Structures are given as structure tokens and as C-alpha cells.
Amino acid sequence: MANEEDDPVVQEIDVYLAKSLAEKLYLFQYPVRPASMTYDDIPHLSAKIKPKQQKVELEMAIDTLNPNYCRSKGEQIALNVDGACADETSTYSSKLMDKQTFCSSQTTSNTSRYAAALYRQGELHLTPLHGILQLRPSFSYLDKADAKHREREAANEAGDSSQDEAEEDVKQITVRFSRPESEQARQRRVQSYEFLQKKHAEEPWVHLHYYGLRDSRSEHERQYLLCPGSSGVENTELVKSPSEYLMMLMPPSQEEEKDKPVAPSNVLSMAQLRTLPLADQIKILMKNVKVMPFANLMSLLGPSVDSVAVLRGIQKVAMLVQGNWVVKSDILYPKDSSSPHSGVPAEVLCRGRDFVMWKFTQSRWVVRKEVATVTKLCAEDVKDFLEHMAVVRINKGWEFVLPYDGEFIRKHPDVVQRQHMLWTGIQAKLEKVYNLVKEAMPKKPDGQSGPARLVSGDQRVQVAKTKAQQNHALLERELQRRKEQTQPSSVLPGVRIKEEPVSEEGEEEEEQEAEEPMDTSPSGGLNSRLANGLPAGRAAGGDSFNGHPPPGCASTPVARELRAFVEATFQRQFVLTLSELKRLFNLHLASLPPGHTLFSGISDRMLQDTVLAAGCKQILVPFPPQTAASPDEQKVFALWESGDMSDQHRQVLLEIFSKNYRVRRNMIQSRLTQECGEDLSKQEVDKVLKDCCVSYGGMWYLKGTVQS
């Protein structure tokens, strides 16, 4: 007791278990380097992995300009490895040892005792490690140098001896057939060291993409280290009722278990099902039923279950189709599985089933022959897909098995909006894989809208004209105010702000864009500009979108939230294309709680106006005529003034890229020196390039504009 009083509890910290990356998280242990240098500062040239062996190889660049680097030794090593003639197979194409390879080895086979911890806002989030790999320098280039040396010696000896030796006589070859291998001999051969080494060498390398510490993809993946149920609603594994806790302490005796009837291994009673965590209950139910309304799911889980937790759990294992939940394809066809009918891998099956689900979001009916033609799958696989979620009607096709659930759509508009965003991304992937023609595809973005009324194009144009005529004076004042806010007093001659002419048609388009949600699809907005894609009632017109004033009213909660997001985003990344900005905005929406004000809808125009009002400018980059960039990827915005010492350097750099699509470093260096003085250091140039540009093929591009 005395020891406890001398050592009081200073703070209690809640601990959460995050499992999003439990099967994917690896810890890499690098060689020791100076504390001032991080591996994010070293250019990663390439990375590849053998997943089955848990083996990784990384190539990192060596700073050949460092005063501690011995250039003569680097040239000698490159000469020994590649010889005097450099070709495509050369290890060091620059005739200088300018890169180093690191190869991994497992430190321990049992990693169940280790976890990665993230401390945030008084909470400790733990993620189990799947593997721990130590990276050590690889000296395989020395083996290559030795092999080159032996080849040269063999060639010299063969050249000397060939002058004295006559041509050998033709010899007779006897062909022998080996005996059939016995089972014992085969087992010995399979367990031998040579066979295992050969199997390891046959496993193909999987090339990886490296993302730096401050990259947006890294920030997105880092969020998975946080437990999504930290509020206590979804953390059901650590929260048990008194009866469940008692059952864990005192399980039923073995005699009682023997008296129970033996059930099939894939069948669980409702009593057994409710002893599992909520996420597992939802997954098992959806995997067996495949299609279910939300009300039926709640009735099966019991009245004491929180509907908010069920909504979060169902979105992890199912997709919303016509107001009903359909189990995801990767749940039915897990990785490394195949079709029992045709042997097609699970990835192809998931893609084909997603196409069928997407077709049902467009219509109540699907034709089996059309699905088989597009997916190129056998008739049995297509029939399995349709039987999961539809019933056949003679001379009509396959009809979705459940009626449209309009009640769920009305009660949960935020869930509908998230599902719409997911379906938009899936649709873009299907268009790319199956080469679908956009003009021939249905104009309805998802099945959540159900039997909403259809509005013809002529009617929409007429409504827009009427509104534009009624609010002509208001629009002119609003446009004038925007020009005064966004047009700076002094602009560099090479940087122009893109302005759109105002006419009667322009006013009509502005009115329509104010009523329509932001196009967040990767394909450039195939179906996002239709009111029919939203639930009935939200598509109905008004002078504002979803009950919010026009974008110019910065005093509204929506405008303030959007302005805060834009300012925070551009403080981290100084240059963004409109496409990348919308992708980051979608990730931001996915992290917000249900019912947040930003779920009410943001148009493209409102997002761009907010960017300009936040102190950013649009850079008119002269893209080449043959560019594959979409219109959203050609709209480039940059933060003009951030308040730091690099503002002047960044403005000169942006002026350069307003006249050139790609630039060499020496041109940037000379222009910065000319504009900012001779005292400009290499570190300052590197900083402004790292903030705004990327290097590809020896040239520098603005971020997001390079097309590989």
C-alpha cells in the first residue's frame, strides 16, 4: 500500500485496437544514418516485394555531389560492373555508382507481440504488425563484376587455344528416358534445399510505388492507424454485456455441448451468432443472405443494437442498390480463390459481379446476354451473379429481387451520398476495364435515386432561362464583387487568372451548377450533372442548392467549413489540380461524422470560387496538344502567398510554368538567380522545387500535370 501511495496514477489513457492494416503493416529497420537525414529526403528510385517470402528490395539514390563521396572509386566500381560499353542492361547507366540496393531479411517469425502505436488526443491506437524486416545493403553488383571478369578471362583463353585446335569430330548422342519418379523420391526432392531455392527464385517481383512522408496518399493511409470506433460505438470487441462476460468466464460444460444436435459447419444459430462481435454478425448475415433491406437486418440483430453502429458496419461489407444492401463481391470471392465453373481468378469475378450490381443501380432489369458480352465470362458465372440479387422473368430478363426502399433513402441521405461517391468511382473503373462508351451508358448515376421523376433537358433549360432573367441584376452585382475580391492589384505578366464570359447562356450554366453537386468522379463527370442522381426532393430546384445560399455568401456554415478545408489543404500542398483537390475533398468527406454540414452538397463552381477567395490563383499551364489530361487535371491552382520567406521564389517559379509545360532545372536556377539575387542557396531552390514540382525523366513539372 505504501508503494502505491508513493507512485500515484498521473493519467489514464484509453487504448484502442485498430485492425484496418493488421494484415498489411510491416516495420522496416534501416541502417543507422545521421540524425539530420531522414529516408524521406533520399530519393527512392524503385521498390519491389515478394509477398509470399516477405522479401523487399529498395533502390535509393546516392548523393554523388556530396564532398564525402569518392568519385574515382564510384567510377571504378561502375566500370568493373558494367564494363566500358553501357547499354540498357547496365546497372549504372551514368557510368558512376549513383544508387544503392537494400535487401530485407526477417528478424523474427512471431510478430504477435509487436504493434505500432499512434497517440492522438489522449488516445493510444495500436495496430498489430504483420512482419518486421531488416534492410541491409546488398552487394550483388560485386557478384556481377566477378562474373564479367570470369567471362573476359574465359574469352581470352578460348581465343588463344582456338588457333591451335582443329574442329572437333561429330559425336553420336544417345537419348535416354528417365524412369517414373516414385512418391518418396518426389517428397525428398520437394524438401531439398535446391528445390526450395528454385521456388523462391521463381516467385515474381511485385513493383511498388513509394510515397513520401508528406504525400497526400501517405496522409490518407496514416488515418487507417486510428481505430474507427474510438467513440465506443463500434468497439464491440472490448465491450461485453454482463451475460456475455459471465459466459466467457464460465463456458458451458462439455457434457452440455455433446447433447446439442450437430449442425453443418457453415450454419450458426441466432444464439451463437449473437455471441460474435457486431461486425462479424453483419458480415455472416450478408454473406448468407446476399441482399437485404436495412429494416430486416436490424430485426435480425435485435432491438438493443445501435443503428448507427450497424450503418457503419454494413458499409464495410455491402453496397447500396435501389435502397437495399447487397454484399460486396470481394466477400463472396476472396483473394486467391477462383470460379468453380471456369477457374477464372477472384479479381475477374469481382469485376464482373460489380458490373451486374452497377447495372441494377441504373435499372430494375438486366439482360443476361448483355452481361456475358461485356464481361466475357462463361454463362454459369454470370448466372451465379444474377441469382445472388435477381429473379428471372420470362421474355423480360432478370429483375432485382427486392422492391425499391424509398424509406431508407429518405431517412439516411448522408449514407446515400457516400454510396453515390463509391459507385461513381466503381463506374469509372468499369468504363476503363470494359471500354464502355460513355454516350451510350445510362444517365442515372446510381440506384439509390430509385423511381425519382425524370426531368427533360428542354424543361431544365427553360427553368434556367427563367431564373437567369429574374436574377439578372443580382448576378451582375455578384460577379462584380467576385472580380474585385479575386483580381489582385499586381500580377506577374505570365500568370493570368482564368475568367469566364458572362452571357445569358453563362448565367444559365451558373444557375444550373449552383443546383448540382460537385463532380467527384475520376472519369470527369459522366453522370454527376443530373438531378435524377439524387433522391427525390433534393433534385427539385430552388434559388440555392440543398437549401444553402449561393457560393458568394461566405458567412454560411457551409462556406466557412469549405474555406477552412481549402486553406488547410493548400498550406500543406502549395500546387493542386482541380482533380486532385476534389479527390482530397472526398477523403475529407469520408472522415466526417454523419450529418455534417458539408454533406449537403458542394458544386464545382463553389469549390473553385472558394480556392480563389482563399488567396490562390489559377495557373494557365500550356499543356501540349496531345495531352491525355482531363479538363479537371488541366485546371491548376497554386497558393500565391503563404507568409513565409519562399513566397517570392514560388511566384517566380509559377510564372515560369505559365509559359512552359516542362522546364529543366538549370533554367529554373538561372531565372531564380536573376529575379532574387546571386545569394540564392541550393537549399532554397530545392525547397521551392519540392513544394511545387515533381521531376520526371530529367525534366521538372508542376505537381499533378505530368502524364507518364
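In what order do the strands of the open sheet of three strands come? The order is β13-β15-β14, and the pairing is antiparallel. At its edges are β13 (365–366) and β14 (390–393), each of which pairs on one side only. Strands count as paired if DSSP finds at least two bridges between them; β14 and β15 (residues 397–400) are joined by four. One of these partnerships links Val391 to Glu399 in β15.

A word on the model: it is predicted, with local features needing pLDDT of at least 70, side-chain atom pairs counting only at pLDDT 80 or more, and totals for chains, interfaces and linings using all residues. Residues are numbered from 1 along each chain as its sequence is written, and side-chain values use heavy atoms, leaving out hydrogens and water. Helices (H or I, at least four residues) and strands (E, at least two) are DSSP runs, numbered from the N terminus.

Now meet helix α15 (residues 368–375). Its buried residues (under 20% relative accessible area, with a 1.4 Å probe and protein chains only) are Val371, Val374 and Thr375. Down the axis of α15, they fall within an arc of 85°, so they line one face of the helix. That arc is taken from the directions from the helix axis to the C-beta atoms. The cover over these residues includes α14 (346–362), β13, α16 (379–389) and α18 (413–434), where contact means heavy atoms within 4.5 Å.

Finally, here are some residues with positive phi.

| Residue | Phi | Place |
|---|---|---|
| Gln121 | near 55° | loop between β6 (115–120) and β7 (123–128) |
| Lys290 | near 80° | loop between α10 (278–289) and β10 (291–292) |
| Lys376 | near 60° | follows α15 |

Terms used. Buried means under 20% relative accessible area, exposed over 50%, partly exposed in between (1.4 Å probe, protein chains only).
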